[in-house]
Amino acid sequence: MTVPIASSSCWLARPLHAQITAYCQFSADAIAQKESLLASSLKGSANAQKEYQAIVQKHADWLRQCRANTWPQEQAIWLRLYPCDVRPGAIDAVLDRIVNRGYNAVYVETFGDSQVLLPPASNPTPWDPVVKARGAENVDLLAQTIEKGRARGLKVYAWLFTMNFGYAYAQRRDRQNVLARNGQGETSITVVDDQSQAFIDPYHPQAQEDYARVLVEILKRRPDGVLFDYVRYPRGTGERSVTNDVKDLWIFGEASRQALYNRAQNNKGRALIERYLDRGRISATDVAAVKKMYPDEGAPSWQGRTSSSESVQQLNWDLWQLSVAHAAQGVLDFVSLAAYYVERQGIPAGAVFFPEGNRVVGRGGYDSRLQAWDQFPASMEWHPMSYAICGNANCIVEQVKRVRSMAPSQTQVAPVLAGFWGRSYNNRPSLEEQMQGIRAALPQVNSVSHFAFPSIEPEFDRERRFCKLQ
């Protein structure tokens, strides 16, 4: 039923404070009015369509005004789109609900789980499109979301998996050499519990080329920013969550091994690196054999080595430190290259990470993810997934404080929070309590995101996810 213009005009004239509640969330009346007009416009009412567009614009104006005067100034939500979102009005309904909750930014999953959010007819990447329905070959959900999001006052970021290329990619015969491998010859498919995460060797040129191809296509849509997730190696379970042996490192792929050999600065250094990777450690016999092979050279040398000691103990320690640094550098180089593609077009780039992903464990051990986020480019936004659980917001705040203390002064730190509005869950406080804790401790942090859309609209998201296109 179309709402008469007179009543709509009267509603639009109501004061702002009557339509927006705490955290810039819209009132039930404002939400119902907008939903009714969208439904009527989808049934073909030209008047409803006109009024709906007017309300969308009015809500956008109100949202900008509210967020400009409400902490945090940027409040984002993480969103995954589904095949059924090609239906008329589907994207509108999703984005309206995001605006209704007071969000002014949305991070749209654009590449993840072996799928890419590109039209089937123009997808030159090695990954399948999210939309595969017949007749939807030219539907561009990313471009639609960017356009419709901006009309509602939303920033729209493209959210991409980075070193996790997905299970389907790992099944390709022509990409087996691209996968990261540890010293047992395993790929992450056999190590990660869900057996769906396929991490690549960041030193492999094919991985770099494939990722550049998907980035180029996404950047053609001109998102407001690009976020890189899975900027790390896989995390094992139990004892395998800690790396304390070279065979645990994901540096045994062909490209990564060769790049590590090339870090040697003399023949002795290269020979010892090769033996160390093959055997897991070197012995006095190895040192003696290498001396005999290259009698005219000085001490073994490689990038970063400052010691001239040739003791077996020192050489093993130095080789371990070299190997860990080499693994971590692969991650840093890969994300830096990806960020370069984005930033050269004047678009912000950001990295998503776990605050504990760069931990040293014990004496010489490391978190298996080797996520050296403290060395990410200062020009990038840093989005720490602050998911600690301790029954209150204190441990979450401590994670954010640690990141902020280690970030360059010019780097934007935008915490990612998990939870629900208005209630705690599984010992995790409500989103309100988490944000209040962060604001009290770190008022300079003015961008926060919530993971993810299903937690704020569970029934609506479930219907979209499991619907069947006719």
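## Exercises on pockets, cores and backbone

The largest pocket has a volume of about 540 Å³. The model is predicted: local features need pLDDT of at least 70, side-chain atom pairs count only at pLDDT 80 or more, and totals for chains, interfaces and linings use all residues. Residues are numbered from 1 along each chain as its sequence is written, and side-chain values use heavy atoms, with hydrogens and water left out.

**Exercise 1. Describe the lining of the largest pocket.**

Step 1. Fix the term. On a 1 Å grid over the protein atoms alone, a pocket is an open set of points with protein on both sides within 12 Å along at least five of seven lines; lining residues have an atom within 4 Å of a point. Its volume is the space filled by probe spheres set on the points, which are joined across faces, edges and corners.

Step 2. Find the centre. The lining has 26 residues, and R80, E109, W159, F451 and A452 are the closest to the pocket centre.

Step 3. Assign elements. Helices (H or I, at least four residues) and strands (E, at least two) are DSSP runs, numbered from the N terminus. Two or more lining residues come from each of β1 (74–79), β5 (155–161) and α16 (458–466). α16 gives the most, with five.

Step 4. Sort by class. The lining holds 14 nonpolar, three polar and nine charged residues. Here Ala, Val, Leu, Ile, Met, Phe, Trp, Tyr, Cys and Pro count as nonpolar, Asp, Glu, Lys and Arg as charged, and the others, Gly among them, as polar.

**Exercise 2. Place R464 and list its contacts.**

Step 1. R464 lies in helix α16.

Step 2. R464 is buried, because its relative accessibility is 2% (buried: under 20% relative accessible area; exposed: over 50%; partly exposed in between; 1.4 Å probe, protein chains only).

Step 3. Leave aside neighbours within four places in sequence. R464 then contacts L79, R80, L81, Y82, C84, D85, V94 and F453 (contact: heavy atoms within 4.5 Å).

Step 4. Add the side-chain pair. R464 and D461 share a polar contact of 2.8 Å. The term covers N or O atoms within 3.5 Å; within protein, one must be able to donate a hydrogen and the other to accept it, and residues adjacent in sequence count only if both atoms are side-chain atoms.

**Exercise 3. Identify what lines the largest cavity.**

Step 1. A cavity is a set of grid points where a 1.4 Å probe fits but cannot get out. One cavity of 30 Å³ or more is present. The largest cavity has a volume of about 50 Å³.

Step 2. Its lining is Q208, Y211, A212, L215, F334, L337, A338 and Y341. α8 (205–219) and α12 each supply at least two of these.

Step 3. Seven lining residues are nonpolar, one is polar and none is charged.

**Exercise 4. Locate the cis peptide bonds at P72 and A452.**

Step 1. W71 and P72 are joined by a cis bond, with omega about -5 degrees. P72 is in the loop between α4 (46–68) and β1.

Step 2. F451 and A452 are also joined by a cis bond, with omega about 5 degrees. A452 sits in the loop between β13 (447–451) and α15 (453–456).

**Exercise 5. Characterise C24, a residue with positive phi.**

Step 1. Phi of C24 is near 65 degrees, and C24 is not glycine.

Step 2. C24 lies in the loop between α2 (16–19) and α3 (28–42).

Step 3. C24 counts as buried, because its relative accessibility is 1%.
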